[in-house]
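The following exercises concern strand pairing and burial. Please work through each task before reading its solution.

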Amino acid sequence: WVGTDGDGIIRMNGKNLLWLTTKEGLTNNFIRAILQSRDGSMWIATDEGLSHWTPRGFTNYRMSDGLSYFSTRAVLEDRNGDLWVGTDRGLNRIHAGAIVHDAATDGLSQRKVWSIHEDPDGGLWFGTRDDGLYRWKQGKLTHFTTDQGLASNSIYQVIEDAKGGFWISGPNGISLLNRHELDEVADHPDRRVS
């Protein structure tokens, strides 16, 4: 699957190409993120909402359907099958096909959520464009910024390695943080990460 900047999304399978655009039902031709769900269907984040593709066609989620903003940036399916969608103006959760609200989506309303990661312990991490890093775990939302030791409050991507290292990209370059140390800082806010 290849997302383009204005020409839709392309599925390459050997020599076969399937080109999907707004003509086939895609919500917008500017692709920002792609996720293959456990059931094999595709979730496509675009500049005008989120498209869910199955061989039967598209189902689209727009602001008129409850999406917090039209410009979607990140998408993740969690271990429970819920879909988390980051936009330039908030976080969304889709449960059983419907957009639902909870303390995490309320706490990140109006934030530019550009990265979403689920750790092996079930914690969800949200990297924001200008407001640092957030962790959602056991019903509690914790906020990390440069005050706790982050290199920047602008986070473009969070990737975790096998040892629990968080590789975080931002405008200053790439940082390596220990997720377990971040978890400790969440319990003891006076501490800083190394």
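Two strands pair if DSSP finds at least two bridges between them; strands (E, at least two residues) and helices (H or I, at least four) are DSSP runs, numbered from the N terminus. The model is predicted: local features need pLDDT of at least 70, side-chain atom pairs count only at pLDDT 80 or more, and totals for chains, interfaces and linings use all residues. Residues are numbered from 1 along each chain as its sequence is written, and side-chain values use heavy atoms, with hydrogens and water left out.

**Exercise 1.** Determine how β13 is connected to β12 and β14.

Solution. Step one: β12 (residues 113-118) runs antiparallel to β13, joined by five bridges, and Val113 lies opposite Thr128. Five residues separate these two strands in a hairpin, where Gly122 in the turn has a positive phi of about 90°. Step two: β14 (residues 133-137) is antiparallel to β13 over four bridges, with Arg135 as the bridge partner of Trp125. This hairpin has four residues between its strands, and Gly132 in the turn has a positive phi of about 80°.

**Exercise 2.** Which residues cover each face of β13?

Solution. Step one: in a regular strand, side chains alternate between the two faces of the sheet. Step two: Leu124, Phe126 and Thr128 occupy one side, Trp125 and Gly127 the other, and all are buried (under 20% relative accessible area; exposed is over 50%, partly exposed in between; 1.4 Å probe, protein chains only). Step three: five of the five residues of β13 (residues 124-128) are buried, so this strand is largely enclosed by the rest of the structure.
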